[in-house]
Amino acid sequence: MLVWDERQDGVRVTDTDSATLAITGEEFGIRDRNPELPRPVDETISVRASELRFPHAVVYAFPLDPASEPIELGPCGDPLSLPPGEYVVDIDTEIKSYLQFHSSARIERTDDFESVVISFPERTSVDLGFRSHHEFPAGSITVPDSPSALATAISHLASSHKTTSADRSYPTLRGHPPLLEFGDELHVPDCIRADTPETGIELVVPPCYESIYLVAPLAYYLQARLRTDASLYPDAETGVVLRLSDLGIDYHLAGPPALESEVTELLRQTFFLDCLVRNAGPYGTALAEEAALDEEQIDIEPARLYEATPQERLAAYLDVPFEAIESHLPEWHLATYVAPEYEHVETLPFLLDRLSLLYRPETSRLDGQELVDRSLTASYGGGERSGSSGDVASVDIVKPELRHGRVHGWLADGVPIDVFNAAPEAYVNRLEYLERASEETSVCVVLNDPEMAGEHNDVSEIYRARSGELPMTVRVTEGVTTAELARIFEDGYDFVHYIGHCEEAGLRCPDGHLSMTSLDRCETQTFFLNACGSFYEGRTLIEKGSVAGAVTVRKVLNDHAVKVGSAFAKLLVHGFSIERALALARRRIIMGKDYTVVGDGTHSLTQGEHRLPTTVRVDEFDATTVDAAPDPRPEATEAGIGTGTDANANADADTTPNTHTVLEYPRSDTDHQTDAETGDEQYLVTLDCYSPRLTGSYYFPHTADNEVAYLCGSESTFVLSASELVTLLKETSASVIYDGDIEWSHAVWPTFES
């Protein structure tokens, strides 16, 4: 659902996923409502303006003359001049936008790459259309407790895909899969059957949940039919068969446990090669990763394979040795460790929607010294948190056996370190919150420990400052009673930041303790319980209705809590997911492993200025850092990072900008080099842009000589002079980790001035 409201000089559009788009204009005015547009849209309005300004994005102009080709606004800054005619302009902002008009026009980027400006020779009528990137599941499939029934159900989850071509690697061409529900009989609705593609690709597995769970992501992405065959079990050598029926090809995969790594390799390879092949289509972009096609063992012809059948394309991919392509692959964004049991069937569609790898959960004991060592390794660089007189709930932490993945989720017994602790309820709760139409994000800060006033003041200022940039309401309260705190969790806030103490009896209040088990229902979407040993209270909030939250697993120090709380607040309200915000924030302190996430760690509370948060590592430029980060590109003269994400149902290019920046290397004590012409100190800057929600996206670093985009998950490396780095930080609202701590760009850029 989309809602829009008129502003003095434009409009603001908001969807149910907290995405917001602000469009400003010159001589702007609303002309009409609900005009027709030749694109899939949720809302339309007609306006008059001489100029319209959008956030930075990749832009395509489509002349409505059938004989004309689409025209792309180049990423390097050259303006686009459209002669008189009728056009549809595609702009992929946080909310997909279309413009239809009959006029000449000039489309250009601002000098700082922060905005796209469309100007007309005079005040012109323009029809605007908007579409939310978010999609709800289309129906549900009933599944009994049967491996063969589950295999059939998974075969139909790809009914949400909008194409069988390589363009399926774009995020918006993979809609949310249908839900799976428990039942006595298998039931697949006719509409879902009708939408299930017939690719002729088949995965044959033993009739056991373990094999089915492990191959589910591969079957979903390949749009393959998944079926069981008892004759394969327990043959570990040919535990799974990938069958291309039209080509007479049977490709054998091992059974568990080797099946995990083989599925991971095949999915990563297929997805990556799809990203290269899709660029032979009409809306491709030049990718740095296309250098992989020069490898002798990678015999791929994108133009031919773009037009090939799914079986022909996959057969060509299978001929490429994984070893030949491995070094070119982006790190996969998400891995979830799931107990392969019937009780987790309902969670599968949510994990596949994120294209998560699925692994068997395995743990070992974690002794106290190992926990300290891991915390020291992960920190950027305060006795016990004061005021806690009661017993703190203890958590038995275990060490997970982690496999490939950037972010790790856990859906099994135990409380492991280095993962977010998922829960089936969290994913269902998220759908319920998305169905609630809301024009603004509501935040409540609760201070129930006067000694933590420093964190209270910091985070309150952060939330209030952000409310001036996004539609957000902020309530700040102190010393709340148990009854008042219960009402806060029941009142429907999008985020509650609790600062205080937690003991075995619950969250401490002036008149006693509030246990989350006493709540009938929690209506708080996300939370941070910055209190000692708050894990169990946070997990109960998820069970009662929340989506995700940050908690602690044991006692924490007051000054540590202040550092983590302040950093987490700023990252969260600038669009970072719960997991990533906490992962970055907790590195400010030595014992950062005392903090963890419960619920869906991939969930984001708000959007940032742009769609995808980005991490940038900075170090002084010397021979050592060059060896550590090969192939640095020439220095940049333009700040900002543009990102592209997907294609829509008409294969239009969906793109989004990004200037969230995190500088993640502590300052080096080594000698550094200077620019020979300017004498400026030089820095090695490595950009890393990824999202657990939008795999398949790409970003374009705006540097002087760069002409290619990079897949999210792939790093790009550049050399910047000090003055160029200052420009970057001045023009970018960025989180900066430098000299052993994390700060925001406006506070850090003076450090790099000569």
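Why can α6 be called largely enclosed by the rest of the structure? Keep that in mind as you load this predicted model, and start the tour at that helix.

**Stop 1: α6**

Select residues 310-318, which make up helix α6. Eight of its nine residues are buried, so the helix is largely enclosed by the rest of the structure. To see which ones, show P310, Q311, R313, L314, A315, A316, Y317 and L318 as sticks; these are the buried residues of α6. Now bring up what covers them: the list includes strands β15 (201-205), β17 (240-244) and β18 (249-253), along with helices α3, α4 and α5 (302-306).

**Stop 2: α4 against α6**

Next, add α4, residues 258-277. The two helices pack at an angle of about 115°, and their axes are 10 Å apart. Turn the view until one lies in front of the other, and you're looking at a right-handed crossing. On the α4 side of the contact, pick L266, Q269, T270, L273, D274 and V277; on the α6 side, pick R313, L314, Y317 and L318. Colour this contact by class and you'll get six nonpolar, two polar and two charged residues.

**Stop 3: the largest nonpolar core**

Hop over to α3, residues 209-222. This helix gives the largest nonpolar core its largest share, eleven residues. The core has 155 residues, and those touching the most other members are L150, I154, L180, L226, I300 and F568. Zoom in on I154: leaving aside residues up to four places away in sequence, I154 touches I212, A216, A219, L226 and L348.

**Stop 4: T347**

Now select T347, in the loop that runs between β19 (334-338) and α8 (348-353). Is T347 buried or exposed? With a relative accessible area of just 2%, T347 is buried. Show its surroundings too: not counting residues up to four places away in sequence, T347 touches L411, P424 and Y427.

**Stop 5: the cysteines**

Last, select the cysteines. How many disulfides does the count come to? The count is zero. Go to C712 and put a distance on its sulfur: the nearest cysteine sulfur belongs to C689 and is 3.8 Å away, and C712 is in no disulfide. A pair would need its sulfur atoms within 2.5 Å to count as a disulfide. C712 is buried, at 10% relative accessibility. Finish on C444, another buried cysteine, with a relative accessibility of 0%.

Methods: Residues numbered from 1 in each chain as written. Predicted model: local features only at pLDDT ≥ 70, side-chain atom pairs only at ≥ 80, totals over all residues. Heavy atoms only, no water. Core = buried A, V, L, I, M, F, W, Y, C linked by side-chain atoms within 4.5 Å. Buried < 20%, exposed > 50% of the residue type's maximum accessible area, 1.4 Å probe, protein only. Helix = DSSP H or I, 4+ residues; strand = E, 2+ residues; numbered from the N terminus. Contact = heavy atoms within 4.5 Å. Axes fitted to C-alpha atoms, helices over the stretch in contact; angles between N-to-C directions. Left-handed = near helix turned anticlockwise from the far one by under 90°. Nonpolar A, V, L, I, M, F, W, Y, C, P; charged D, E, K, R; others polar.
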